[in-house]
Amino acid sequence: MDDKSNKLILVPVVFVLFVMIGYQYICPAGSNSCHFRTGEKVRGVTLPSSQTPAIFDFYIDQELEDESPPKFLPTFNFSETDLKRYADFNIKGDDVIVFLHIQKTGGTTFGRHLVRNIRLEQPCDCKLGQKKCTCHRPGKKESWLFSRFSTGWSCGLHADWTELTNCVPVIMDKKETQKPRRNFFYITMLRDPVSRFLSEWKHVQRGATWKTSLHMCDGRSPTQDELPTCYLGDDWSGVTLQEFMDCTYNLANNRQVRMLADLSLVGCYNLSSMNESERNEILLRSAKDNLKNMAFFGLTEYQRKTQYLFERTFNLKFISPFTQLNSTRAANVDIEWPTRRRIEELNFLDMQLYEYAKDLFLQRFQFTRQRERQLERQRRREERQLLRAQKAHRYRQQADDSVTTEDYTGQVARW
């Protein structure tokens, strides 16, 4: 009898050991091959989890952090008002997004996102073979977007802040019969100054000029003496990097500061109106202020964060995620350290602006993420409190039912 009992116990023990050995062989320690993610479905059954994130949140958690610089430490002190960016944008009302497109900052890609990649009740109408799309408000023949790919270069080729702020209201009034009081939300993209400068050089080398730009300021374009050209003939194709750097009035130098500043503060393109150091100080301060006060700005080097902040600022969602393209013409240019230093010196205002912009951008991202996580934790806390209240209510209800049943049973016994 004892031998028979021992054999019966030995069989399941051997079976369990066999299964454990087989599991260790198939799923060795540290392997993810047999690991199920939170909320993953297995044969139609959802594994228990405290929180099953949405697809968009999963994209953020896994990929958004990949672009973060290691140990980002803020340099500038910004107020909560500066960091908290929420544009009360009403696409059905009289609000207009104005995109200030600075050359070689990834503006073409971002501009296409605006007209082709936003989930809208009435999407922009983009016809095959045409650059411009019709972006009307739902049920109206009015545009909610002022950009290259919606209204075209209505204020001139690559119009700057000085031009747009004076021109856009006038153009919008001309395009639409009704003239409501509109709210304009200015946005732009910035890029690392060295990469941007090299990209512009390569673009000009291939024959681009932007010579049709108006450069309007205080009601007029600059004279030939105020804004000479760097080349003779139709374009500057074939220009070497050294030649490109040697032209002292090349608009590629500090382009981002110039296009974001209020040029009327320094006499527009009249360099004799004040000394150079004073002019530079005013331009940089104006560019920083205008950038900070814009509804939104993104950085070419941080595509996913740019998408995230735009969506949170305007309460609009993109259909597909932005892609970080590191293989650009500028990235493929090999330059020596002295050449890089020379480009940084030529763009010393842009270097300071970009340092400021990058710090503000990353602080805004951190602020928005932390606030979003706090709200999520608060939501989960309120859900738990509601569940506990519902559970307590059910227990009380069951207790009341039990007392009622006992009373009824007692009455029956007495009867």
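Author: A disulfide, as the word is used here, is a pair of cysteine sulfur atoms within 2.5 Å. The model discussed below is predicted, and it holds five disulfides by that criterion.

Reader: Why is the link between Cys 155 and Cys 167 called a disulfide, and what makes it left-handed or right-handed?

Author: The sulfur atoms of Cys 155 and Cys 167 lie 2.0 Å apart, and the cut-off is 2.5 Å, so the pair qualifies as a disulfide. The torsion about the S-S bond is about -90°, which is why this disulfide is left-handed. The bond connects distant parts of the chain, since Cys 155 sits in the loop between strand 4 and helix 5 whereas Cys 167 belongs to helix 5, twelve residues apart. Both Cys 155 and Cys 167 are buried.

Reader: What is the handedness of the link between Cys 124 and Cys 135, and why is each of the two cysteines called buried or exposed?

Author: Cys 124 and Cys 135 form a disulfide with their sulfur atoms 2.1 Å apart, and with 115° about the S-S bond this link is right-handed. The pair links distant parts of the chain, although both cysteines are placed in the loop between helix 4 (107–116) and strand 4, eleven residues apart. As for burial, the word requires under 20% relative accessible area; Cys 124 has 12% and therefore counts as buried, and Cys 135, with 2%, is buried too.

Reader: What can be said of the disulfide that joins Cys 217 to Cys 268?

Author: Here the S to S distance is 2.0 Å, and the value of -70° about the S-S bond makes the link left-handed. Cys 217 lies in the loop between helix 6 (193–205) and helix 7 (241–246), while Cys 268 lies in the loop between helix 8 (255–260) and helix 9 (276–293), so that distant parts of the chain, 51 residues apart, are linked. Both cysteines are buried.

Reader: How do you know whether His 158 is buried or exposed, and what does its side chain reach?

Author: His 158 has a relative accessibility of 9%, and because buried means under 20%, the residue counts as buried. Its place is in the loop between strand 4 (145–146) and helix 5 (161–175). The side chain of His 158 reaches the backbone oxygen of His 101 at 2.9 Å, a distance to be set against the 3.5 Å limit for a polar contact. Leaving aside neighbours within four places in sequence, His 158 is in contact with His 101, Ile 102, Gln 103, Trp 153, Glu 163, Trp 210 and Met 259.

Reader: How do you know whether the span of helix 6 agrees with its number of residues?

Author: The expected span is 1.5 Å times one less than the number of residues, so the 13 residues of helix 6 should span 18 Å, and the end C-alpha atoms are indeed 18 Å apart, which agrees. Among the buried residues of helix 6 are Arg 196, Ser 199, Glu 200 and Trp 201. Just after helix 6, Gly 207 takes a positive phi of about 115°.

Reader: Which element contributes the largest share of the lining of the largest pocket?

Author: The largest pocket has a volume of about 810 Å³ and is lined by 35 residues, of which Lys 104, Gly 106, Arg 191, Ser 199 and Thr 328 lie nearest its centre. Helix 4 and helix 6 are the elements that give two or more residues to this lining, and the largest share, five residues, comes from helix 6.

Conventions: Residues are numbered from 1 along each chain as its sequence is written. This is a predicted model: local features need pLDDT of at least 70, side-chain atom pairs count only at pLDDT 80 or more; totals for chains, interfaces and linings use all residues. Side-chain values use heavy atoms; hydrogens and water are left out. Helices (H or I, at least four residues) and strands (E, at least two) are DSSP runs, numbered from the N terminus. Buried means under 20% relative accessible area, exposed over 50%, partly exposed in between (1.4 Å probe, protein chains only). A polar contact is a pair of N or O atoms within 3.5 Å; within protein, one must be able to donate a hydrogen and the other to accept it, and residues adjacent in sequence count only if both atoms are side-chain atoms. Contact means heavy atoms within 4.5 Å. On a 1 Å grid over the protein atoms alone, a cavity is a set of points where a 1.4 Å probe fits but cannot get out, and a pocket is an open set with protein on both sides within 12 Å along at least five of seven lines; lining residues have an atom within 4 Å of a point. Grid points are joined across faces, edges and corners, and a volume is the space filled by probe spheres set on the points.
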